[in-house]
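Let's take a walk through a protein model and stop at a few spots worth a look. Have the sequence and the 3D view at hand as you read.

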Amino acid sequence: MLWFSAALLVAGLDLFEAGQSGYSTFRIPGLVRLRDGTMLAYAEARRDGPGDWADIDLVLRRSLDEGATWSPFSVLVDAGKDTVNNIVAIPGRGKRDVHLLYCVNYARAYHRLSRDSGKTFSPPVEITSAFEAVRGQYNWNVIATGPGHGVRLRRGRLIVPVWLSTGGRAHRPSVISTLVSDDEGRHWRLGAILEAPLRNPSEAMVAELPSGQVLLNIRSESVEQRRAQAISPDGFSNWSRPAFVDGLKEPICMASLILYPRGNRPLLFTNPDFVDPSRAGRGSERRNLTLQVSDDEGRHWRPVQVIDPGISAYSDMAVDSRGDLLVLYEKGSRNGNMYFTESLRLERIPAKLIPH
């Protein structure tokens, strides 16, 4: 087992801070590195408070120097008082291409494309029809993309995990699926729906394995208090039955998953590594954000680095050209409310500290 002191982390940088530009708080971070080296950090900017149903805009910052410095944030989407939620980015086929997906009021889904590394984006194109196609199977009244980042498979398929609910603002009961495009975002289809044996699965993360199969790592409210995983040959259908992973605790919180591009290409995973057994199925305090690694395509995991032992929640990851790992995460809380995030903090873990 490898453990490294938090003192070995490069000094962190707060990219979004509560109260900035009139926004009450920033939540739901996302981070991607494009093929030309541009880093994009994005989030929900919540004007009315920490709640999911609020006046929420989407914001973006760009870095041209591997995450050392960042542009001021720009507002990507402002729908007035409506809720704009669950932003997801996916690097595209071109070096400067990036796809952007998001939802409005958890009811309509949209796609936009940038061909200049996130400087500008095409007008939104509604893709809710992909979700409407499954109403006969699951009569949803809430949909959500991601959050975090999606992936582009080596064969070219774009994949974004999604979740659907029939519970309205309660977001439960729920099921998960994937949204895929085989023509660089022009058309989207919803894949097979996964549910059993999980209780209210949501907010999954996806990675392409070295073998070419696709791994889905899943949040749920199951009393086992562990993450679940499923594997598909194509990221769209024929998913294995979701199985709980003993090494990955589940406090009921979003996590991040990526395939490290160096060495033996291990999987990397971050989430709050903490559960309170007395709150099984109801959610533990979100703290102790930890990096874990798997050398066997997700079957076994071991902790590598505690990133933040305090209140720390949603996170996303990207790898720079040197192999350093950048982690953007929700840090701290205000007024004793762990959903009222103090900042979105960017931490860097040097490549030499990542077993690969």
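What follows is a short tour of rings, cysteines, strands and a few unusual backbone spots.

Keep in mind as you go that this is a predicted model.

**Rings that meet**

Let's start with the aromatic side chains. How many aromatic pairs does a search of the whole structure find? The search turns up 10 aromatic pairs. Take Phe16 and Phe26: their rings form a tilted pair, 5.5 Å centre to centre, with 35 degrees between the planes. Phe16 belongs to strand 1 (residues 10-17) and Phe26 to strand 2 (residues 25-33), so this pair ties together parts that are 10 residues apart in sequence. As for where they sit, Phe16 and Phe26 are both buried.

Phe26 has another ring partner, Phe73. Here the centres are 5.7 Å apart and the planes stand at 70 degrees, so the pair of Phe26 and Phe73 is edge-to-face. Phe26 is in strand 2, while Phe73 is in the loop between strand 4 (56-63) and strand 5, so the pair links parts that are 47 residues apart in sequence. Both Phe26 and Phe73 are buried too.

Put these together and add a tyrosine: Phe16, Tyr23, Phe26 and Phe73 make up one aromatic cluster. Tyr23 also has a charged visitor, since the charged end of Arg47 sits over the ring of Tyr23, 4.2 Å from its centre. Elsewhere, Arg135 lies over the face of Trp140, at 3.8 Å from the ring centre.

**Two cysteines and a threonine**

Next up, the cysteines. How many disulfides does a search of the whole structure find? The count is zero. Cys103 is in no disulfide, and the nearest cysteine sulfur, that of Cys253, is 19 Å away. Why is there no bond from Cys253? The sulfur of Cys253 is 19 Å from the closest cysteine sulfur, in Cys103, and that is too far for a bond. A disulfide is a covalent bond between the sulfur atoms of two cysteines. For a pair of cysteine sulfur atoms to count as a disulfide here, they must be within 2.5 Å. Buried or exposed? Cys103 is buried, with a relative accessible area of 0%, and Cys253 is buried with a relative accessible area of 0% as well.

Cys103 turns up again when you look at Thr83. Thr83 sits in the loop between strand 5 (74-77) and strand 6 (84-91), and at 3% relative accessibility it counts as buried. What is Thr83 in contact with, leaving aside its neighbours within four places in sequence? The list is Asp52, Trp53, Ala54, Ile56, Cys103, Val104, Asn105 and Tyr106. With Ala54 there is a polar detail: a polar atom of the Thr83 side chain lies 2.6 Å from the backbone oxygen of Ala54.

**An open sheet**

Strand 6, which comes after the Thr83 loop, is part of a sheet. This is an open sheet of five strands in the order 9-8-7-6-11, with mixed pairing. Strand 9 (125-126) and strand 11 (148-149) stand at the edges with a single partner strand each, so one side of each has no neighbour in the sheet. Strand 6 and strand 11 run parallel and are joined by two bridges. On the residue level, Val88 has Gly148 in strand 11 as its bridge partner.

**Backbone spots to check**

Two cis peptide bonds come next, laid out side by side.

| Cis peptide bond | Omega | Where the proline lies |
|---|---|---|
| Gly146 and Pro147 | about 5 degrees | Pro147: loop between strand 10 (142-145) and strand 11 |
| Arg172 and Pro173 | about 5 degrees | Pro173: loop between strand 13 (158-165) and strand 14 (174-181) |

The loop between strand 13 and strand 14 also holds His171. Phi of His171 is near 65 degrees, a positive value in a residue other than glycine. At 14% relative accessibility, His171 counts as buried.

Asn335 also has a positive phi in a residue other than glycine, near 55 degrees. You'll find Asn335 in the loop between strand 24 (325-334) and strand 25 (337-349). Is Asn335 buried or exposed? With a relative accessible area of 76%, Asn335 is exposed.

Technical notes. Residues numbered from 1 in each chain as written. Predicted model: local features only at pLDDT ≥ 70, side-chain atom pairs only at ≥ 80, totals over all residues. Heavy atoms only, no water. Buried < 20%, exposed > 50% of the residue type's maximum accessible area, 1.4 Å probe, protein only. Helix = DSSP H or I, 4+ residues; strand = E, 2+ residues; numbered from the N terminus. Polar contact = N/O pair within 3.5 Å; in protein donor to acceptor, adjacent residues only side chain to side chain. Contact = heavy atoms within 4.5 Å. Phe/Tyr/Trp six-rings, centres within 6.5 Å; stacked < 30°, edge-to-face > 60°. Lys NZ or Arg CZ within 6 Å of the ring centre and 35° of its normal. Pairing = 2+ DSSP bridges.
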